[in-house]
Number of protein chains: 2
Amino acid sequence: MITLMRETSHTTSQFAPRVTISDLSSELGLAKGTVSRALNNYADISASTKLRVKQAAEKMGYRPLSHAQAIKTGRVRSVGLVLQNFEHDGHRPFLADFLAGISNAASQEGWTMTLAMANSEEHTRDTLARLVDERKADGFILPRTYLKDARIDSLREADVPFVLYGRTEDQAGCAWYDIDMKTAFEQAVTQLTNLGHQRIAFLPGGDGFTYSKIRYQGYVSGLTMNGLSYEASLVGKASVDQGSGYENTGQLMAAAQPPTAFICAVDQAALGVYQWASERGLQIGRDISVISYDGIPEGAMMTPPLSTFAVDNQTAGARLTELLIARIRGAAPENLRELGPATFLNRGSHGPVSPAGHMCQKTTVSN
Amino acid sequence: MITLMRETSHTTSQFAPRVTISDLSSELGLAKGTVSRALNNYADISASTKLRVKQAAEKMGYRPLSHAQAIKTGRVRSVGLVLQNFEHDGHRPFLADFLAGISNAASQEGWTMTLAMANSEEHTRDTLARLVDERKADGFILPRTYLKDARIDSLREADVPFVLYGRTEDQAGCAWYDIDMKTAFEQAVTQLTNLGHQRIAFLPGGDGFTYSKIRYQGYVSGLTMNGLSYEASLVGKASVDQGSGYENTGQLMAAAQPPTAFICAVDQAALGVYQWASERGLQIGRDISVISYDGIPEGAMMTPPLSTFAVDNQTAGARLTELLIARIRGAAPENLRELGPATFLNRGSHGPVSPAGHMCQKTTVSN
DNA sequence: ATTATGACCGAAACCGGTTTCGGCAAGTTA
DNA sequence: TAACTTGCCGAAACCGGTTTCGGTCATAAT
């Protein structure tokens, strides 16, 4: 009985009384359509009526229902985001920041964010398809882009607006925001060569990801910028977590002329370098130098604290939604491409090349 | 020119052709309303037509537009979530799991999730109000509940369905899911007393949070269950991160009869205990025992690995959305309250009370 | 003095669904 | 057989907006 009453009252009075556009029009003595056009700045409404309507709307607290407009306009004023939580989670610590950036930028424009998570590539495609089909979002932010990315293909084909966090091989029709990782990794090489290092190893990121290729290119470019020659034996295999970082460190250090410094595509791999070194009594920053990328919080708590390039995921999220909204409003994707900076956290994990230690002669160095 | 064409084609052909309910009705030779009622299982539609309609809908790939239905029903089939990212972020590592749970459970019912983040209590209220006002969600999940929670008050007053992750002081009209933390902390005390500990300290969580009170109650109840008397001097101040945990550990260990074991309301505080001990050459698990709560990933990487109660935030998110959807569909909140288990990770940070060390005589022990 | 031209607004159609209402045919009851 | 249900469906109103289409009136052009 009580239950019944609850249900009833719930379905009837549900919310505070809303003011609709009809309320506004009858209050103003204008036609409903006129009010709508005034609010949407149509050219055939006089400036004075526009002002009057807008003031009344403000005063009466009128807020259009986005789903009511959507039925005619096809836009729900929402940015879509499908996260893949099956990947190596180097970006997990930044998730909250990233989401905060999106959320804030979206609400700035009166938009909202609809979020879904997928646990496989197929699940991602299905989820994306469902959200598109049900028009739950007007466009999408695609994080963690691949060189060849099925999500991009399907959205491009369906002509659904999207923006990439990262780049991809075929940029046609793609708007994107990315971090200038190439410069960052060039700087990493420069830092180390300035400290005397000449055998600088590189631990790349996950295969297939665009970020992985670009960071690698930055490493290579940094070598030539500093007059060092590229050596394939100094490049490890994909290292995306502590375990793989640890293993690949061991592999590279077993060489006849082991590296004196490591550049890691991701911080998690750097933790593996730390582990390998500490197990052998070697001190990071003195016996082995490490510079890495991501800026995970654990990095600050290591001994010594990890020198790394930090990225501001909150502004990334914010810029991405601004770009996406612009894209949805019709801007050409070619004009919506942006590179943000990574900031170097100059901490203790890199130092001058160790005089003793594994370094012997410098045979491979040109110049 | 190219730009213009892009824009044009974008606004016109935008998506793949959708099949509407009118397409269905004309295809079937039925009235639009009849089709709608058939799909929604109205009683005045014959079973045979229902079947025919549903099969045709399936075959033609018909999916109703939630915002088109919302205009009449008032429901957009979306669960709302406003995260406060200004709080101490003990739950940050679990964010992805939590969101995945919500997302999966929601899409199971054909629902979606609209997410927003706020950086102050006021911002949270505003955001919540806006989402309610614009009907962006049919109900809300409120995480991290306080004993007195302004969000609950305003949603209750506005008669908007919601469900709590956690409990609150005034449960009237509240549906919730929570972890049985009281039992967990009782077990923690029992574990330690079985190992001979009699001076067991407690580091509580953040002030004002319901979880903090319940975990404290579990600690107290565990003491009496095991014949130990409560001692106010064994209870520290709020310790929600490593820093405060470190400090409060020092405070408690400075007593004439220092504790031999610590129970921490949150794992982050336990990290502070580790730090304090390691700086003094004391070994966790031997010289000082620690049992904690949360199950953060860092805990497994400590030496020794942290004994703690882990909570499955993915199923928490899933259950919460199931409860919320039930609530929105009219179920009484009193029937939507659930307690999930915390699972003890029996690791190395607790052990028998140290024979040497700080322990002296047992004066305060009754029995 | 007419006529064409704009500026400005009302009326109505429309978007994709849901829900109410009424009517018809078949089966029940009187 | 007439009256009454009942089962089942069509028609139309409705939800809260947007957009198209004319129409009125004042002003400018002829």
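How many nonpolar, polar and charged residues does the surface near DNA strand D have? This tour of a predicted model begins with that surface, which has eleven nonpolar, ten polar and eight charged residues.

**Stop 1: DNA strand D**

Select DNA strand D and display the 29 residues around it. Those that come nearest are A:Ile21, A:Ser36, A:Tyr42, A:Ile71 and B:Thr34. Of the strand D atoms within 4 Å of the protein, 52% belong to sugar or phosphate, and the rest belong to bases.

Next, select A:Tyr42. A polar atom in the side chain of A:Tyr42 lies 2.6 Å from a phosphate oxygen of DNA strand D. Turn then to chain B, where B:Thr49 has a side-chain N or O atom 2.8 Å from a phosphate oxygen of this strand. At B:Ala31 the backbone takes part: one of its N or O atoms lies 3.1 Å from a phosphate oxygen of DNA strand D.

Colour the helices to see which elements give two or more residues to this surface: helix 3 and helix 5 of chain A, together with helix 3 and helix 5 of chain B. Helix 5 of chain A provides the largest share, five residues.

**Stop 2: DNA strand C**

Now select DNA strand C, which has 29 residues around it; A:Thr49, B:Ile21, B:Ser36, B:Tyr42 and B:Ile71 come nearest. Sugar and phosphate make up 57% of the strand C atoms that come within 4 Å of the protein.

Three residues may be selected in turn. A:Thr34 places a polar side-chain atom 2.8 Å from a phosphate oxygen of DNA strand C. For A:Ala31, a polar backbone atom is 3.1 Å from a phosphate oxygen of the strand. In chain B, a polar backbone atom of B:Ile21 is 2.6 Å from a phosphate oxygen of DNA strand C.

Which helix supplies the largest share of the surface near DNA strand C? Helix 5 of chain B does, with five residues. At least two residues each come from helix 3 and helix 5 (66–73) of chain A, and from helix 3 (32–39) and helix 5 (66–73) of chain B. By class, the surface near DNA strand C divides into eleven nonpolar, ten polar and eight charged residues.

**Stop 3: The two protein chains**

Hide the DNA and display chains A and B. A rotation of 180°, with 0.0 Å of shift along its axis, superposes chain A on chain B with an RMSD of 0.1 Å. This is the relation of a two-fold axis. Both copies use the same surface, for 97% of the contact residues of chain A recur in chain B.

**Stop 4: The domains of chain A**

Colour chain A by domain. Domain 1 covers 14–64, domain 2 covers 78–179 + 313–341, and domain 3 covers 181–311. What separation do the C-alpha centres of domain 1 and domain 2 of chain A have? They lie 34 Å apart.

**Stop 5: A:Ser46**

Finally, select A:Ser46, in the loop between helix 3 (32–39) and helix 4 (47–60) of chain A. Is A:Ser46 buried or partly exposed? Its relative accessibility is 37%, and therefore A:Ser46 counts as partly exposed. Add A:Ser48 to the selection: a polar contact of 3.1 Å joins its side chain to that of A:Ser46.

Terms used:
Residues are numbered from 1 along each chain as its sequence is written. Chains are lettered from A and ligands numbered from 1 in the order in which they are written. This is a predicted model: local features need pLDDT of at least 70, side-chain atom pairs count only at pLDDT 80 or more; totals for chains, interfaces and linings use all residues. Side-chain values use heavy atoms; hydrogens and water are left out. Helices (H or I, at least four residues) and strands (E, at least two) are DSSP runs, numbered from the N terminus. Buried means under 20% relative accessible area, exposed over 50%, partly exposed in between (1.4 Å probe, protein chains only). A polar contact is a pair of N or O atoms within 3.5 Å; within protein, one must be able to donate a hydrogen and the other to accept it, and residues adjacent in sequence count only if both atoms are side-chain atoms. A residue is near a molecule or strand if one of its heavy atoms lies within 4 Å of it. Ala, Val, Leu, Ile, Met, Phe, Trp, Tyr, Cys and Pro count as nonpolar, Asp, Glu, Lys and Arg as charged, and the others, Gly among them, as polar. Copies are superposed by least squares on the C-alpha atoms of residues with pLDDT of at least 70 in both. Contact means heavy atoms within 4.5 Å. Domain bounds come from an automatic or database domain assignment.
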